[in-house]
Amino acid sequence: MQQSPSQEVGAPIPNNTAHAISVTLPTWEATVGYEEGEEWVTSKMHSGYPRFFIHGIIQDLARAIESKYGREGEKCMIFPSYNTAKRCREFIKAKTETPNVSVRVLRLRTPAPTTEFEKSSVVESEIGIVLFSASEFPLAKQYWQHSGEGISSRMAEYVLRELFQNEEKDQARLRSRNKQELQAQSIQKKSPSITASIRSNSRGQNEEADKEFNTFIEQKYGRVLDLKFAKEAKLALRRRICGKADKSHNQEEEMDKARRGKFLSETDVYLYPTGMAAIFNAHQAVLAVEETAKKSVCFGFPYVDTLNILRKFGPGCHFLGLGDDKSLESLEADLEAKNVEVSALFCECPSNPLLKTPDLKRIRALADKYNFYVVVDETVGNFLNISVLPYSDMVVSSLTKVFSGDSNVMGGSLILNPLSTSYKKLKAYFNNNYEDLYWAEDALYLERNSRDFESRARMIDRNAEEVIKLLQESEIISRIYYPSLSPTKHHYDAVKTPNGGYGGLISMLFKEPKHAITFFNAVNLHKGPSLGTNFTLACPYSILAHYQELDEIETWGVDRNLVRISIGIEDKDELLEVLRSSLEVARKA
């Protein structure tokens, strides 16, 4: 395996990564302990998925702000703009049960660069802070989680340094400089001839050390670290996404040729801090451009916060959790009978964790007939494997996943279909309302990570095919969820690109719960939340994502003992041996 997986509760994944996206929950029991808030787990959590776990650096910044600007008993939540903070304030006020609740919004700005040299490491940035009574913290945290618009840990690190730590550092540097000048004056008096030499050598040594350090960073991490290149990095990201999405269309059918979005431009690609923020803003766009308030449709069992967004913001949604052809027939009958009015249909392609693929062609036809928007989350399939743009008004994706792969930066994208009949209306909305909230350093990391996106995605597809063969041979597995094995395979194949695969996400059920638990505890893989990482990542998905609603999710076909594996780019034979040996341990149990 590429990196030995940590089995330490709360350790970041990847190991020793300051801004890691995942966290180690190495056993079934530890996952349950985390969900139940048991101290033996929560006290060790040094990392976590950023929309659920507030990074330690963000907590440090919050404490500094509360100390300087907060009133007694107030807590704060920090966002990357004043407007996002105001949205959080509106959410708290709308959902609180506290009468006459006081919620304040504060705007802070970091200094702009003052010299050409500073442009490489200094950028003017704004943050919005929501200050509220500590009793309202759960509501603020809900907005943080659902919207995905919270400040990133890298941005918090920068703001903390610029607004709260630089003053101390400047004073320390001033004291140090004064001391050095006094020493230099003393030396000058004693030996004037060597002063220039000392200064020259010191400067040369510092420059050489800086050069060596920067070379080390570039060789080790391959990163472009200058913040002044953030604008170029974002443009490169939008063009990369645009190019992959535009070239991934299925050219076999005339309908696809007419709709395939060949005129897609990078100006139709919008970057967001997280994939969930892209979904949230797609929903906000629908609410804004619709003349009358109508419920949306959540088609298929989705990732948890997609449903939360549709339920908690706006007029609500119709949840068609099975996401099958019968559900679509039922929706069509209700639309025909005018029993329901729909503003938009949101779906995943394929869905997480059951890997079902909706009938996008039929959904598009219904949308055209009954005048609603179609928003497709293609994260699990990814736009190299599937072409969903022809059937969508907006395509959203979590760039945190396979597009990045390194599991060290968050990101999201939203694509407008320029051939959609609603394009002009949506484009006008985003022209007037889009805010670039994507932090400069995060963009630099994501741009570098995604340069080999296509080759990594192909490796993941190939590894997943071999893993599927191994799982099919196991006598203790009762069902495998994967697009190529699903009853909806024909729907996936209808949108599959000519060279596309079936992705790296696999879910499975064991014949006995003890098999699932024993297998998960034994398997020597990284174990924690997220998917699409360059390393294989496993989790007991239902326990991790739906622990408080296990009975309910089973009505939608999601078993409480489901195990999900996201396949990585490790050596195929090594990966298969890890899985094979763990299956054998579980079989003997």
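A search of the whole predicted model finds 7 cavities of 30 Å³ or more. The largest cavity has a volume of about 300 Å³. Its lining is made up of 24 residues, and those closest to the centre are Pro50, Ile151, Ser152, Ser153 and Met410. By residue class, the lining of the largest cavity comprises 11 nonpolar, 10 polar and 3 charged residues.

The second largest cavity holds about 170 Å³ of space. A set of 23 residues lines this cavity, with Phe299, Gly300, Cys347, Glu348 and Ser351 nearest its centre. Three strands, β7 (296-299), β9 (344-348) and β10 (373-377), are the elements that give two or more residues to the lining of the second largest cavity. The lining residues of this cavity divide into 14 nonpolar, 6 polar and 3 charged.

Open space was also examined. The second largest pocket contains about 890 Å³ of space. Its lining consists of 46 residues, and Arg51, Phe52, Tyr303, Val304 and Ala545 lie nearest the centre of the pocket. At least two lining residues come from each of the helices α1 (28-35), α5 (137-147), α10 (275-289), α11 (304-312) and α19 (541-546), and likewise from strand β11 (394-398). Nonpolar residues number 20 in the lining of the second largest pocket, alongside 16 polar and 10 charged residues. Because domain 1 (268-449) and domain 2 (453-588) both give residues to this lining, the second largest pocket lies between them.

Helix α5, one of the elements that supply the lining of the second largest pocket, has several buried residues. These are Leu139, Ala140, Tyr143, Trp144, Gln145, His146 and Ser147. The cover over the buried residues of α5 includes the helices α3 (56-69), α4 (82-95), α10 and α11, together with the strands β3 (74-79) and β5 (126-133). Of these covering elements, α10 and α11 also supply residues of the lining of the second largest pocket. After α5 comes Gly148, which has a positive phi near 70 degrees.

For the protein as a whole, the secondary structure comes to 21 helices and 17 strands. The protein has 589 residues, and 55% of them are buried. The accessible surface comes to about 26000 Å², with 48% of that area belonging to carbon and sulfur atoms. Among contacts between residues at least 6 apart in sequence, 74% join residues at least 24 apart.

Met508 gives an example of a buried strand residue. This residue is found in strand β14, which spans residues 505-510. Its relative accessibility is 1%, under the 20% limit, so Met508 counts as buried. With residues up to four places away in sequence left out, Met508 touches Leu471, Ile477, Arg479, Ile480, Tyr481, Phe519, Asn561, Leu562, Val563 and Ile565. Pro540 is 32 residues from Met508 in sequence, and the C-alpha atoms of the two residues are 9.9 Å apart.

Backbone geometry was then considered, beginning with cis peptide bonds. Cys349 and Pro350 are joined by a cis peptide bond with omega of about -15 degrees. The peptide bond from Asn352 to Pro353 is also cis, and its omega is near 20 degrees. Pro350 is placed in the loop between β9 and α13 (360-370), and Pro353 lies in the loop between β9 and α13 as well. Strand β9, at one end of this loop, contributes to the lining of the second largest cavity, and Ser351 is among the residues nearest the centre of that cavity.

Positive phi values occur at residues other than glycine, including Asn16 and Ser407. Asn16 has a phi of about 55 degrees and is placed in the loop between β1 (12-13) and β2 (22-23). Its relative accessible area is 78%, over the 50% limit, so Asn16 is exposed. Ser407 has a phi near 60 degrees and its place is in the loop between β11 and β12 (412-416). The relative accessible area of Ser407 is 1%, so this residue is buried. Strand β11, which precedes the loop of Ser407, is one of the elements that supply at least two residues of the lining of the second largest pocket.

Methods: Residues numbered from 1 in each chain as written. Predicted model: local features only at pLDDT ≥ 70, side-chain atom pairs only at ≥ 80, totals over all residues. Heavy atoms only, no water. 1 Å grid on protein atoms, 1.4 Å probe; cavity = no way out; pocket = protein on both sides within 12 Å on 5 of 7 lines; lining within 4 Å. Points joined across faces, edges and corners; volume = space filled by probe spheres on them. Nonpolar A, V, L, I, M, F, W, Y, C, P; charged D, E, K, R; others polar. Helix = DSSP H or I, 4+ residues; strand = E, 2+ residues; numbered from the N terminus. Buried < 20%, exposed > 50% of the residue type's maximum accessible area, 1.4 Å probe, protein only. Contact = heavy atoms within 4.5 Å. Areas by Shrake-Rupley, 256 points an atom, 1.4 Å probe, with all protein chains shown as cover. Domains from an automatic or database assignment.
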